[in-house]
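User: Please take me through the internal cavities of this model and justify each term that you use.

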Amino acid sequence: KMSFIKRMKYIYLMMSSMITVLGIYMFIEPDISSLLLCKSCGIILIVFGIVRIFCYFIDDQYDLAFQFDLLLGITSIIVGTLMIIRPDHILTILPIILGIFVLIDALSKIQTSIDAKQFGLKNWWIILLLAIINSIFAFILIFDPLKSSLFIMRIMGLMMMLDGIGNI
């Protein structure tokens, strides 16, 4: 059992690292192919969703680390599959979908940070800060006040980077 848990945590760490790297790339090169981005994000979301579902069943000391992973795992798989199967339709609403997904994830991390504080964990505020920043960027993506695709790509990259770092 322990080796399985360690493997799942390692895979979770690797997927979070991949999301971080993709986020950095999107931030630096915001004009990458939208179709390539959509399918790449779809693959990452499916794999990450599977990992999150497995992680949900892992016991951690306070039952904090993976408490929302079943919901987020299933959501990731559904969104990832849609991104691969129907990228042409998804691209038009990709910022909104990603914004909603990141907002849900950020809200779950806000709750996790509150729970972590109640357990007396020292670094609870880091989780809270990253979640609040991601929430702000999620709202920008959802409501798209600037209508700039390069800016939106950079925001999406920054959100993915912060989310990956938060997961790590």
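Analyst: Helices are DSSP runs of H or I with at least four residues, and strands are runs of E with at least two, numbered from the N terminus. This is a predicted model: local features need pLDDT of at least 70, side-chain atom pairs count only at pLDDT 80 or more, and totals for chains, interfaces and linings use all residues. Residues are numbered from 1 along each chain as its sequence is written, and side-chain values use heavy atoms, without hydrogens and water.

User: Why are the two spaces of 30 Å³ or more called cavities?

Analyst: On a 1 Å grid over the protein atoms alone, a cavity is a set of points where a 1.4 Å probe fits but cannot get out. The structure holds two such cavities of 30 Å³ or more; the largest has a volume of about 180 Å³ and the second largest about 60 Å³. A volume is the space filled by probe spheres set on the points, which are joined across faces, edges and corners.

User: What makes a residue part of the lining?

Analyst: A lining residue has an atom within 4 Å of a point. The largest cavity has 15 of them, with Ile19, Leu45, Leu98, Phe101 and Met160 nearest its centre. H4 gives the largest share, five residues.

User: Which helix contributes most to the lining of the second largest cavity?

Analyst: H5 does, with five residues. Among the residues lining this cavity are Asp105, Lys109, Asn134 and Gly166.

User: Why is Gly166 counted as polar?

Analyst: Ala, Val, Leu, Ile, Met, Phe, Trp, Tyr, Cys and Pro count as nonpolar, Asp, Glu, Lys and Arg as charged, and the others, Gly among them, as polar. The second lining therefore divides into six nonpolar, two polar and three charged residues, whereas that of the largest cavity has 14 nonpolar, no polar and one charged.

How values were computed
On a 1 Å grid over the protein atoms alone, a cavity is a set of points where a 1.4 Å probe fits but cannot get out, and a pocket is an open set with protein on both sides within 12 Å along at least five of seven lines; lining residues have an atom within 4 Å of a point.
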